[in-house]
Amino acid sequence: MPLGTLDRTAPTLFKHGPSPLSRLTLYSALALFLMVADARFHVAEPLRKAVATVLYPLQWLMLQPVELAGKGAQYFQSLQAAQQAADEAGRKMAQMSVRAGEADQLLRENAELRQLLALRERLDTPAQAAQVLYDTADPYTRRIMVDRGQLAGVEPGSPVVDAAGVLGQVTRVYPMLSEVTLLIDRDQAIPVLNLRTGARSVAYGDPLAGPGGGMELRFTPANADVQEGDLLTTSGVDGLYPAGLPVARVLRVERRADSAFARIYCAPLAQVHGARHVMVLKPLAADMPARPEPEPAQQKRGGRK
């Protein structure tokens, strides 16, 4: 059968509905009516609430991954910020600790310098200030190096004192530096005077006495009047140390029946392990008159027969 002869009309047995244009017009008018009615009378509000209530669990479930990702990123950001703040606080604490230590050291040095100035005013012997640089490398001696030497007029044998008392004696002089042997060195000895009794003696260094070393009065009779707490000062009879400088204090006196001498342990008053600023005195021998020469032996009277 040719295509042109086909009947394209609907069979009469089917019922025809409204046309698409009619439905579009109807639905548009209905939508416009609902919008106007909802805007004026809120007729769709209960429906919206019901739909929102039904869809809320689904919305919450869909938003959880996003919230978890945001909270995770915020947690790591806050953790990094806290770590940076802790590091910055640690650096600031370290700087403040260093500054506090420097301030304490400056206060101590200031106090030492003030005491040295007061000591210099009381001394009649020429003196000059010096700073302790370092300890010598020899572990078997107790010596330090100061920043004054031959160019500054330092002489071998010059006494060295700090604000508390005698520290030691210059034993070697270099152009810019000087080596000072402390009182606690085993080869060091100093004439002392007991202020309470007026007895003279000689104090020797004893590096093994106590944890930091000390001094000992040797060759002192067992019946000598020496008590714990006696103050020992320089006697001034050696021609080096001025008289009256504090040296040490008696710590312990041991008297034994099998020995004619007592063992007297003393603690130096100077800071033998922590001095930073000292005074180098001029030896008294430079200002003392020369020792007179011994007179020649008198010829024996009368000759031999």
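How many bridges join strand β9 to strand β10? The answer is 3, and the two strands, β9 at residues 231-234 and β10 at residues 246-254, run antiparallel. The model is a predicted one, in which local features need pLDDT of at least 70 and side-chain atom pairs count only at pLDDT 80 or more, while totals for chains, interfaces and linings use all residues. Residues are numbered from 1 along each chain as its sequence is written, and side-chain values use heavy atoms, with hydrogens and water left out. Helices (H or I, at least four residues) and strands (E, at least two) are DSSP runs numbered from the N terminus, and two strands are said to pair if DSSP finds at least two bridges between them.

**The helix α1**

- Helix α1 covers residues 20-41, which makes 22 residues, and its span of 30 Å from first C-alpha to last is close to the 32 Å expected at 1.5 Å a residue, where the expected span is 1.5 Å times one less than the number of residues.
- Of the 22 residues of α1, 2 are buried, so the helix lies largely in the open; here buried means under 20% relative accessible area, exposed means over 50%, and partly exposed is in between, for a 1.4 Å probe and protein chains only.
- The residue that follows α1 is H42, and its phi is positive, near 55 degrees.

**The barrel that contains β1 and β12**

- Six strands form a closed barrel in the order β1-β2-β5-β4-β3-β12, with antiparallel pairing.
- From one strand to the next in this barrel, the twist averages 45 degrees, with axes taken as lines fitted to C-alpha atoms (for helices over the stretch in contact) and angles running from 0 to 180 degrees between N-to-C directions.
- Strand β1 (residues 127-135) pairs with strand β2 (residues 143-146) in the antiparallel sense over 3 bridges, and Y134 stands opposite M145 in β2.
- β1 also pairs with β12 in the antiparallel sense, over 5 bridges, and A130 is found opposite V278 in β12.
- On strand β3 (residues 159-161), the antiparallel pairing with β12 is over 2 bridges, with V161 opposite M279 in β12.
- Strand β12 (residues 277-281) has 5 of its 5 residues buried, so it is largely enclosed by the rest of the structure.
- H277, M279 and L281 point one way from β12, whereas V278 and V280 point the other way, and all are buried.
- In the segment after β12 lies P283, which counts as buried at 5% relative accessibility.
- P283 and D238 are 45 residues apart in sequence, and their C-alpha atoms are 10.0 Å apart in space.

**The barrel that contains β9 and β10**

- Another set of 6 strands closes into a barrel in the order β6-β7-β8-β11-β10-β9, and the pairing is antiparallel.
- The twist in this barrel averages 40 degrees from one strand to the next.
- Where β9 meets β10, T233 stands opposite P246 in β10.

**Aromatic pairs**

- The structure holds 3 aromatic pairs, counted for rings of Phe, Tyr and Trp (its six-membered ring) whose centres lie within 6.5 Å, with planes under 30 degrees apart called stacked, over 60 edge-to-face and the rest tilted.
- One of them joins Y75 and F76 edge-to-face, at 5.4 Å centre to centre and 70 degrees between the planes; F76 is exposed, with a relative accessible area of 54%.
- Y204 and F219 form an edge-to-face pair, at 6.5 Å centre to centre and 85 degrees between the planes.
- Because Y204 lies in strand β7 (residues 200-206) and F219 in strand β8 (residues 214-221), this pair ties together parts that are 15 residues apart in sequence.
- Y204 is partly exposed, with a relative accessible area of 23%, whereas F219 is exposed at 61%.
- Ring pairs link Y204, F219 and F261 into a cluster.

**The largest pocket**

- The largest pocket has a volume of about 260 Å³; a pocket is an open set of points on a 1 Å grid over the protein atoms alone where a 1.4 Å probe fits, with protein on both sides within 12 Å along at least five of seven lines.
- Its lining holds 18 residues, of which D135, I144, L182, V272 and H273 lie nearest the centre of the pocket, and lining residues have an atom within 4 Å of a point.
- The elements that give two or more residues to this lining are β1 and β2, and the largest share, 4 residues, comes from β1.

Note on methods. Points joined across faces, edges and corners; volume = space filled by probe spheres on them.
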